[in-house]
Amino acid sequence: MRRISVLAAVLALGAGPAAGAPPVPAAGESAPRAAVAAESYTWKNARIDGGGFVPGIVFNRKEKNLAYARTDIGGAYRWQQSTKTWTPLLDSVGWDEWGHTGVVSIATDSVDPDRVYAAVGTYTNSWDPGNGAVLRSTDRGGTWRKADLPFKLGGNMPGRGMGERLAVDPNRNSVLYLGAPSGKGLWRSTDSGATWSQVTDFPDPGNYVADPADTSGYGSDNQGIVWVTFDESTGSAGSATRTIYVGVADKDNAVYRSTDAGATWQRIPGQPTGYLPHKGVLDAVNGYLYIAYSDTGGPYDGGKGRLMRYATATGTWTDISPVAEADTYFGYSGLTVDRQHPGTVMATGYSSWWPDTQIFRSTDSGATWSKAWDYTSYPDRENRYTMDVSSSPWLTWGADPSPPEQTPKLGWMTEALEIDPFDSDRMMYGTGATIYGTEDLTKWDSGAKFTVQPMVQGLEETAVNDLAAPPSGGAVLFSALGDVGGFRHTDLTKVPSMMYTSPNFTTTTSVDFAESNPATVVRAGNLDSGPHIAFSTDNGANWSGGSDPSGVSGGGTVAAAADGSRFVWSPEGTGVQYTTGFGTSWSASSGIPAGAIVESDRVDPKTFYGFKSGRFYVSTDGGATFTASAATGLPTGDSVRFKALPGGKGDIWLAGGASDGPYGLWHSTDGGATFTKLANVEQADTVGFGRAAPGASYQTLYTSAKIGGVRGIFRSTDQGATWTRINDDAHQWGWTGAAITGDPRVYGRVYVSTNGRGVIYGDTSDAGGGDDGGGDDGGGTDPTPSGACAVTYRVTDEWPGGFQADVQLANTGTAAWNGWSLAWSFADGQKVTSMWNAGYSQSGAAVTVTNAGWNGTVAAGSSVGFGFTGSLSGGNTQPASFKVGDRLCSVG
């Protein structure tokens, strides 16, 4: 996240998901059931590459090229060396536990590299209704088991760049420690993360809060215990490490030590006071504990700092700060030791926002330092590095700063900094927008320039507020994003050259285009200084800012007339406004309350709609006046999304609600005068439209909803009569309640918003495009359907000793299946270890997979998908043949 938008981003990310709590049926009312078929989809990201804060990067100390990254709201990732990309590991986190996409710490086991742990939870205040958890995996994050905690964790709270709070004993790897926030103390597991108990003898739970006056609980939470570091030289394989260091958010008592494997703890004498210990990194070879200090918890703030070295044998403290304390205007946080050359230490001035972050390097254990850049004659500066952002060109932000600022920046919020323990030339560091890295770092020491470039492909971390897919023009998709504004994608597989500029909103809140004239596009957003609305007449390629009515403080929602002749805007800070032309002047709309959500009819250019607090509003004079509809029974709150159908005047779909009132999906065919609630949709939070299925006349509906008792992404090709769940349990992405839209040009393609995993898009394997209309909710009775079948078996990830695969099974016959069973044999002794979206049994090499209760019905021409992880003892040859019942399937 960028510093200038932190408050808006925090409020947006905190308020939205809470509105999506499951509703409780009214007395005497049971939750409706629906026909929930299943279909195989392929899911990818619309490439942006990065886009958010990466507070932690961790390398495994035993296995080369095994590394993990954690994000504050977007899950965790594993490095894939063969492609130099990141693989997401927490896409399986579902709607009800959306907070577990925030990762406050990650730990990789250097005794058993297959094991990895993640401490998850997004907020410690009421914004996240659930407690935190420690996730554990024995297949490098392919699958997870969960240990719930009796307190919350804060992956997106102040102080999240400190750490790592979670650590595995490097000698006895069944022992782990976790530093908790909120005064909950230090916790320990002795069974590889399965159970946890508080270390009651630890004396100090921390006391530092960023803002004691913050009544929301966001800034006023005790940041607690912030890192755990083991001295591996004080143990032996199989025996618990004797000496453990713990950093605490307490300016007077920042570092504690145990010398008896955690039985007792003492404050280390002689330590500095007045600062918080952001990182503690131990060089066991030379006997030094390095500590990076800042006067605040970060990641946005920090005005003073120190770097200290503690000699573990003698107890001597030495101030090794690269800059005199009086001359600092930043705190230190990023801290790493070169394990190939332990005397080499690096640190960052993480909060040096202007003119740039600073990175420091010492090759003599901190006795002397050099800087990544320095002034020659102010404001001119000389860099030890060159920047190459050609893979993510938007990282320049389209800026043209005056010296000493440069673009692209070396970074900001640089709290994660790691030298590869196997390769002194490779370093990675996190920023507020990306992961940067280098593969020729040691050029620093010879005086040659090393190259810094993004190392972030595959890690997608934007929070999505709105999406729009135009029916024509060069743009395939417009996105409205937090912190980085948003992008115009002309190719989903390529990183756009630039985010929206002129103006560059810190957060874009709404985007729309004129349905019959998609060259006209409008967006609204947040900006500290400047207009909050912008217009394009060339399909989003170029933009110009409009003017703000008096009182505007934020973007709100905006709607373009069907022909682009006028616009209606509901900004924050003032009432609903309308204009003809491109926003040079605005007039107040009447009859509609401030803060209403606004949308346009997609046929009639003078018809606009609004919604606020259970009332629907209609304007037929271009937004000048609105009239409240007589429709009743709509959601009483404002957690609502609605859209008008392209090509259908007055055809409106409305989704939303909350657990304490009406919640679901409503349809109007008379311009909002009346609405009918769909009985087969229990909850719905978004609605969108895409290209009609082959043979269908009505556009395809998409929603993030709960249908048939299942939360997921759903599609209907028959106006909501029946629904198909198109995602699966491995692809859930936490909270998906902000926006959804189909693609008007590609049948089956859908774009899904996430709260930290970027823009997800899915493509169907169903060429026929028909949903099963039979009304069965799965769990059929015929496990051996007759008829032809086709199988696509794809290995999606592989690591030493294990792999992950996706399987798509298509019904290519003429009759529907009511239950199915798929069989194959492995050739190399592979073993299935876990499976999702299906059940399985294995005897020797033979595997039999059966449908889950909800995906047994597979219509002719449709398909079903499932995935699994497996173990390897040799090769990984794919199965040669597959059978459904007694029928051989074709293999694709």
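## Rings and strands in a predicted model

Arg523 lies over the face of Phe505, 4.7 Å from the ring centre. The model described here is predicted. A second arginine, Arg711, sits over the face of Trp95, at 3.7 Å from the ring centre.

Aromatic rings also meet one another, and the count comes to 47 aromatic pairs. Phe535 and Phe582 form one of these pairs, with an edge-to-face arrangement. This pair links distant parts of the chain, 47 residues apart: Phe535 belongs to strand E39 (residues 533-536), while Phe582 is in the loop between strand E43 (577-580) and strand E44 (587-588). Phe582 also pairs with Phe567, and because the planes stand at 45 degrees, this pair is tilted. Here too distant parts of the chain are linked, 15 residues apart, with Phe567 in strand E42 (residues 566-572). A pair of aromatic rings is described by the distance of the centres and the angle of the planes, and the table gives both values.

| Pair | Centre to centre | Angle between planes | Arrangement |
|---|---|---|---|
| Phe535 and Phe582 | 5.7 Å | 75 degrees | edge-to-face |
| Phe567 and Phe582 | 5.8 Å | 45 degrees | tilted |

The three residues can also be described by their accessibility. Phe535 has a relative accessibility of 2% and so counts as buried. Phe567 is buried as well, with a relative accessible area of 0%. Phe582, with 37%, is partly exposed.

Elsewhere, one aromatic cluster is formed by Tyr793, Phe803, Trp820, Trp824, Phe826, Phe866, Phe868 and Phe882.

Strand E69 covers residues 863-871; 8 of its 9 residues are buried, so the strand is largely enclosed by the rest of the structure. Strand E62 (residues 802-811) runs antiparallel to E69 and is joined to E69 by 9 bridges. Within this pairing, Gln808 has Gly865 of E69 as its bridge partner. E69 also pairs with strand E65 (residues 831-836), again in the antiparallel sense, over 5 bridges. There, Val832 stands opposite Gly870 of E69.

Another group of strands makes an open sheet of 4 strands, in the order E45-E46-E47-E48, with antiparallel pairing. Strand E45 (597-600) and strand E48 (627-628) are at the edges and have a single partner strand each, so one side of each lacks a neighbour in the sheet. For E48, 2 bridges make the antiparallel connection to strand E47 (residues 615-619), where Val618 has Thr627 of E48 as its bridge partner.

On the surface, Trp354, Tyr375 and Tyr378 make a nonpolar patch of about 340 Å². Tyr375 lies in strand E27 (residues 373-375) and counts as partly exposed, at 30% relative accessibility.

Methods: Residues numbered from 1 in each chain as written. Predicted model: local features only at pLDDT ≥ 70, side-chain atom pairs only at ≥ 80, totals over all residues. Heavy atoms only, no water. Buried < 20%, exposed > 50% of the residue type's maximum accessible area, 1.4 Å probe, protein only. Pairing = 2+ DSSP bridges. Patch = residues over 30% accessible without salt bridge, like charges linked within 9 Å, V, L, I, M, F, W, Y side chains within 5 Å. Areas by Shrake-Rupley, 256 points an atom, 1.4 Å probe, with all protein chains shown as cover. Salt bridge = Lys/Arg side-chain N within 4 Å of Asp/Glu carboxyl O. Phe/Tyr/Trp six-rings, centres within 6.5 Å; stacked < 30°, edge-to-face > 60°. Lys NZ or Arg CZ within 6 Å of the ring centre and 35° of its normal.
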